[in-house]
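Me: I am new to this structure. Please give me a close look at its sheet, and at what lies beside it.

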Amino acid sequence: YMSYSRLLTYGDVIPLRFKCSPEKVRQECFNKYEWKQYNPRKKIPRYGLSITSLKGELDGIDLDSIVEYNKENNVRYTEMSFNTFTDVYHNSPELQKVVDPWKGHLGRSHILHLPPGGYFPPHKDLPIYTPQQGSLRILIPLIDCNVPDLYFIHDGKTLTFQDGRAYFVNTNKTHSLFSFNDTYMIVLNVASNDITHKIIGDNFLHS
């Protein structure tokens with residue numbers, strides 16, 4: 001058993017053994033579906049392609065601000081409510097290579113496209129302390145996710161990634177992204193529990 005805090009003793013950014021080919025993901029996914037505006041309430045160029053959604057649809061609700069959507073529609077969705085696979089997942093064997101290890105523990109997940117000028121301002125994914133860590137974040141950088149194409153600042157440091165590799169990232173710490181190119185990454189929200197902590201622990205790249 002490894003708690004979330006125990007996991008963090010290994011680092012805030014942990015490379016894992018899971019990999020995919022960014023080129024194959026691009027061929028299988030990028031031009032076959034309509035990319036939806038990510039958080040359409042903010043006029044920032046950011047787009048998503050849903051890997052999971054509420055019922056497997058590609059309508060972009062899961063790419064909206066869940067907090068705002070819940071308020072407006074009097075519902076109580078969480079990251080883990082969006083756990084039905086879409087056609088993006090079903091039709092991409094390459095995508096499945098990095099998604100399948102988390103099967104049964106996956107919440108809201110998507111491919112994210114940040115065109116030039118696309119950004120996420122500094123934020124924490126869990127802005128207030130809660131005793132229970134409900135979900136954790138796995139990132140798979142695909143295309144042009146390093147400086148000078150993308151500046152991914154985490155806790156004051158600029159991160160460097162290997163394209164196609166899965167990383168556990170502690171997004172409770174302040175992080176921001178700014179794109180100067182067409183950058184693409186896979187963002188997985190995974191339930192934080194004994195099983196997923198063990199999957200991460202068993203698949204450290206340098207263990």
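Reply: A residue is buried under 20% relative accessible area, exposed over 50% and partly exposed in between (1.4 Å probe, protein chains only). The model is predicted: local features need pLDDT of at least 70, side-chain atom pairs count only at pLDDT 80 or more, and totals for chains, interfaces and linings use all residues. Residues are numbered from 1 along each chain as its sequence is written, and side-chain values use heavy atoms, leaving out hydrogens and water.

Start with the sheet. It is open and has seven strands (DSSP E runs of at least two residues, numbered from the N terminus). Their order is β1-β11-β8-β13-β6-β3-β2, and the pairing is antiparallel. Strands pair when DSSP finds at least two bridges between them. β1 (13-19) and β2 (36-37) are the edge strands, each pairing on one side only.

Now walk in from the β2 edge. β2 and β3 are antiparallel and share two bridges. Here lysine 36 has glycine 48 of β3 as its bridge partner. Next, β3 meets β6 through four bridges, again antiparallel. Tyrosine 47 stands opposite histidine 113 of β6. Then β6 pairs with β13 over seven bridges, in the antiparallel sense. Histidine 113 takes part here too: its bridge partner in β13 is tyrosine 184.

Two helices (DSSP H or I runs, at least four residues) come next. Helix α6, residues 194-202, packs on the sheet. It touches β1, β8, β11 (165-169) and β13; contact means heavy atoms within 4.5 Å. The direction of α6 makes about 40 degrees with that of β8. Angles run from 0 to 180 degrees between N-to-C directions of axes fitted to C-alpha atoms, for helices over the stretch in contact. Helix α2, residues 22-30, lies across β3 (47-50), β6, β8 and β13. It runs at about 95 degrees to β8.

Finish with the loops. Most residues other than glycine have a negative phi, and most peptide bonds are trans. Asparagine 39 sits in the loop between β2 and β3. Its phi is positive, near 45 degrees, and it is not a glycine. Its relative accessibility is 9%, so asparagine 39 counts as buried.

The loop between β8 and β9 holds aspartate 144. This residue, also not a glycine, has a positive phi of about 55 degrees. With a relative accessible area of 29%, aspartate 144 is partly exposed. Proline 148 lies in the loop between β8 and β9 (150-154). The peptide bond that joins valine 147 and proline 148 is cis, with omega about 5 degrees.
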